[in-house]
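Here's a quick tour of ring contacts and a pocket, written with a modeller in mind. Have the viewer open as you read.

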Amino acid sequence: MSDSPPRFSMIEPDAKAPTLKRLRQLSRLLDHAITIPGTKIGFGLDPIIGLIPIGGDFLGVMFSSYIILEAARLGVSRATLGKMVLNVIIDGLVGSVPVLGDFFDFAWTANTYNIKLLEDYLKFPSEQKSADRWFILAVLAGLLLIAIVLIALPVILIRLLWNALTGG
């Protein structure tokens with residue numbers, strides 16, 4: 001019996017390929033599920049979900065967070081996880097801006113970028129140290145906080161606008 005502290009649940013080496021395949025499929029569904037006929041331009045469910053008032057960007061961040069969680073379980077380094085989180089934060093915060101954010105969601109494919117970061121890391125995993133459990137929990141807590149802000153911010157803005165229009 002080992003006296004080492006419990007670690008974050010890691011994915012076994014034999015399960016990495018199916019996990020990566022599943023994450024690629026999710027990323028494609030979120031970023032490039034639909035291709036405009038006659039072009040190479042595509043978009044996925046993420047910008048469509050982002051059109052849902054108030055909760056759409058929250059859902060997009062949650063789906064993107066799943067990719068980051070699985071990347072952490074694959075043993076990705078702190079630096080790579082940090083870049084992945086930054087992509088999701090940019091996607092979520094800019095995507096929450098009315099109208100401009102919806103157009104941004106079509107162009108910014110955070111999930112595709114994150115899969116590329118994950119694949120690049122898995123090609124050369126020994127070059128960087130993998131993230132520890134506390135860092136992963138902090139990342140997930142930060143993403144949850146961002147998601148909550150994405151719900152609260154539009155509600156606050158709508159209330160301020162309503163008060164300004166009604167004089168209340």
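## Rings and a pocket

Phe104, Trp108 and Tyr113 are joined into a cluster by ring pairs. Keep in mind that this is a predicted model. The count of aromatic pairs comes to 3. One of them brings together Phe43 and Phe106, whose planes sit at 70 degrees, over the 60 degrees cut-off, so the pair is edge-to-face. That contact links distant parts of the chain: Phe43 belongs to strand β2 (residues 42-43) and Phe106 to helix α5 (residues 100-107), with their positions 63 residues apart in numbering. Back in the cluster, Phe104 and Trp108 make a stacked pair.

Here are the two pairs side by side:

| Pair | Centre to centre | Angle between planes | Type |
|---|---|---|---|
| Phe43 and Phe106 | 5.3 Å | 70 degrees | edge-to-face |
| Phe104 and Trp108 | 5.7 Å | 15 degrees | stacked |

How buried or exposed are these rings' residues? Phe43 has 19% relative accessibility, which is under 20%, so it counts as buried. Phe106 is partly exposed at 34%, and Phe104 is partly exposed too, at 22%.

Now for the pocket. The largest one has a volume of about 300 Å³. Its lining is made up of 17 residues, and Pro53, Ile54, Ser96, Pro98 and Pro154 are the ones nearest its centre. Which element gives the largest share of that lining? Helix α7 (residues 133-166) does, with 6 residues. By type, the lining of the largest pocket splits into 12 nonpolar, 3 polar and 2 charged residues.

Notes
Residues numbered from 1 in each chain as written. Predicted model: local features only at pLDDT ≥ 70, side-chain atom pairs only at ≥ 80, totals over all residues. Heavy atoms only, no water. Phe/Tyr/Trp six-rings, centres within 6.5 Å; stacked < 30°, edge-to-face > 60°. Helix = DSSP H or I, 4+ residues; strand = E, 2+ residues; numbered from the N terminus. Buried < 20%, exposed > 50% of the residue type's maximum accessible area, 1.4 Å probe, protein only. 1 Å grid on protein atoms, 1.4 Å probe; cavity = no way out; pocket = protein on both sides within 12 Å on 5 of 7 lines; lining within 4 Å. Points joined across faces, edges and corners; volume = space filled by probe spheres on them. Nonpolar A, V, L, I, M, F, W, Y, C, P; charged D, E, K, R; others polar.
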